[in-house]
Amino acid sequence: MKTKRYLSLIVMLVLLLTTLTGCGKNESKVNDQGGKEVAEQEIDKEQYLNLIMSAEPSTLDASKGSDSYSNGILNNVLEPLTRLEEDKDLKNILAPAGAESWEHNEDGTVWTFKIRDAKWSDGEPVKAQDYEYGIKRTLNPDTAAPYAYLLAPIKNAVKVNSGELPVEELGVKSLDDKTLEITLESPTPYFLQLTYQRVMMPQRQDMVEKYGDKYGSEIDTLVYNGPFIISNWAHNSEIVLAKNENYWDADKVKLNNVNIKILSDENAIYNSLANGSIDSTGVGKPEWIERFKENKNLEQLEVINPNTFFMFFNTKDELFKNANVRKAFSLAIDREELADVIFHGINVPAYGWVSPSIYVGDDEYRTLVEEPLKKLAEENKDPKALLVKGLEELGMDTDPSKLTVKMTLGSTDQWFRTYGEYVQQMYNKNLGVNFEVEFVEWPVFSSMVEKGEFQIGYMAWGAEFNDPISLLSLLKSDSGAIQTGWSNARYDELISLASKEMDEKKRLEYYTEAEKILLYDESVLAPTVYPRSNVFKYKYVKGLGVTPFGTSGYKYGYTKGRQ
């Protein structure tokens, strides 16, 4: 059920639509940045934000869309069962939303959600059946939902999505209008991390059936139960959100309007921030980052995203079937220099597979587990010696200068050509090999990888939800997500054990051992950098945050001191 998701390096360097979040405390006060409470009478009389989105949402059908633009809008106009909010220290906390409470049975296989009293924007009551319908519609194979695989932990989800069982056999049912019961295949420690995803958002069956294929394409085909409604949608031009007066928590919503211009030209976007036409945006160009840093009216927020850029090796190749060869090519990457030269110091050197910003329980995984490649590098100061050792084990000529290796990149644009030239020089210098780079378009690259017609490939991948298994499960032998040809029985066992282990300490042990096998023992992948986004906002914009998985949207946003 897993689908491949390639993240272009170019896309990761340009504008990122940020989900701005914060925390409200009660009806009479709102939160300033960092949790400081401010009396309502001190905030601006007119409450609005002007923002930018760099592309049109593909659809606002929660089941069918897959892009970040539609996801950002849906987080503001629909109310999932839970929301991932931020506390005063910018740590994510799971907060009740559409569900006011929940509980599970002793082994964690049956979850019961109490749906709060709430209304849709047209005045109809929100019911447990709306959540049940949304989940079942996502898994119905006729819907062809791209993210249906996220719901695999639900009982019979895989078989329903493949058409082997009818949707009525799915482990989701409404016990009454206010009680939703979800049965899982087995205990799933990260299940609650799925409850704020678009794949579990409520949908009104009457609206879907009334508008059919047009559902989610225009504002009159939608109905809302989130903090905002869409008051205007001029395609490829602007989306305007207005406060939803029927929202159950409307007293916490301070913004009356959020005006989102759709604009793709980077320089036009950055000029809009510079002249005050917009209040906040992500910035990817180094020269603009430096310029905005000098603007005393702007505040910079840096966020390491839960994504990893990486090289991957074809372990069926005659050369790269050897682990020491793979280790040599991983350690020969000067990640510090790469981050500085190619990514202009914006991105962060990566020595692990699981990226920062991903948590196990209440703690960030990377603060608990050392990056495996750091230990490997400490023990192997000379990557060329590892290469020679690997060549000897393979019975090949041990002179690296007689070795020719090829990397395939899935793009032909200038950025990739620059990147390829840099990597070529790096390997020539650090390993003494003849290193070639070929550039093909993405569909050709994808086909070559699927057929195993490559030696080294290059991609990026982002976590779908806030748990290490979101990335670690990609390398299970039955995944097919990153096609290295590698399999390891112990690795598969660890991921399977972790997927069912409710004890966080034990689960962390499984994850740690799995990542060690992947990078330290086998070096199947060679992570290069973790992408980092730079968000700049005017200082009058308050109560906002930029945690990667946060889903509060603009609910707690407000302004104070706008001139």
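Two strands pair if DSSP finds at least two bridges between them. Keep that in mind for the views below, which come from a predicted model.

**View 1. Strands E6 and E7 pair up side by side.**
E6 and E7 (residues 110-115) clear that bar with five bridges, and they pair in the antiparallel sense. To find your place along the pair, look for Trp 102, which stands opposite Phe 113 in E7. As a bit of background, strands of a sheet pair through backbone hydrogen bonds, either parallel or antiparallel.

**View 2. The pair from View 1 belongs to an open sheet.**
Zoom out a little and you get four strands in the order E6-E7-E9-E8, with antiparallel pairing. Which strands sit at the edges? They are E6 (99-104) and E8 (172-176), and each of these pairs on one side only. The sheet isn't flat like a sheet of paper: on average, neighbouring strands are turned by 25 degrees against each other, if you ignore direction. Helix H3 (residues 128-139) packs on this sheet, where it touches E7, E8 and E9. The direction of H3 makes about 170 degrees with that of E8.

**View 3. Gln 197 is tucked into a loop.**
Follow the chain on from strand E9 (179-183) and, before you reach helix H5 (205-211), you pass through the loop that holds Gln 197. Is Gln 197 buried or exposed? Its relative accessibility is 13%, and buried means under 20%, so Gln 197 counts as buried. Who keeps it company? Setting aside neighbours within four places in sequence, Gln 197 is in contact with Leu 150, Glu 464 and Phe 465.

**View 4. Strand E15 is covered on both faces.**
E15 takes in residues 307-313, and seven of its seven residues are buried. Here's a handy rule for reading this view: in a regular strand the side chains alternate between the two faces of the sheet. On one side of E15 you'll find Asn 307, Phe 309, Met 311 and Phe 313, and on the other Thr 308, Phe 310 and Phe 312, all of them buried.

**View 5. E15 has a partner in E21 and another in E22.**
With E21 (residues 456-462), E15 pairs in the antiparallel sense over seven bridges. Look for Phe 309, which stands opposite Ala 460 in E21. E15 also pairs with E22 (residues 525-530), again in the antiparallel sense, over four bridges. In that pairing Phe 310 stands opposite Pro 527 in E22.

**View 6. Helices H8 and H11 cross each other.**
The axes of H8 (residues 323-331) and H11 (residues 372-379) come within 11 Å and cross at roughly 100 degrees. These two helices are therefore roughly perpendicular to each other. H8 brings Lys 327, Ser 330 and Leu 331 to the contact, while H11 brings Leu 373, Leu 376 and Ala 377.

**View 7. Stepping back to the whole chain.**
Altogether, the chain has 17 helices and 25 strands. Its radius of gyration is 24 Å, close to the 24 Å that the globule rule gives for 563 residues, so the chain is as compact as a globular protein of that length. The C-alpha trace spans about 75 × 55 × 40 Å along its principal axes. Of the 563 residues, 58% count as buried. The chain exposes about 22,500 Å², with carbon and sulfur atoms supplying 44% of that area. And among contacts between residues at least 6 apart in sequence, 70% join residues at least 24 apart.

Terms used. Residues numbered from 1 in each chain as written. Predicted model: local features only at pLDDT ≥ 70, side-chain atom pairs only at ≥ 80, totals over all residues. Heavy atoms only, no water. Buried < 20%, exposed > 50% of the residue type's maximum accessible area, 1.4 Å probe, protein only. Contact = heavy atoms within 4.5 Å. Axes fitted to C-alpha atoms, helices over the stretch in contact; angles between N-to-C directions. Rg over C-alpha atoms; globule rule 2.2 N^0.38 Å. Areas by Shrake-Rupley, 256 points an atom, 1.4 Å probe, with all protein chains shown as cover. Parallel < 35°, antiparallel > 145°, perpendicular 65-115°, else oblique.
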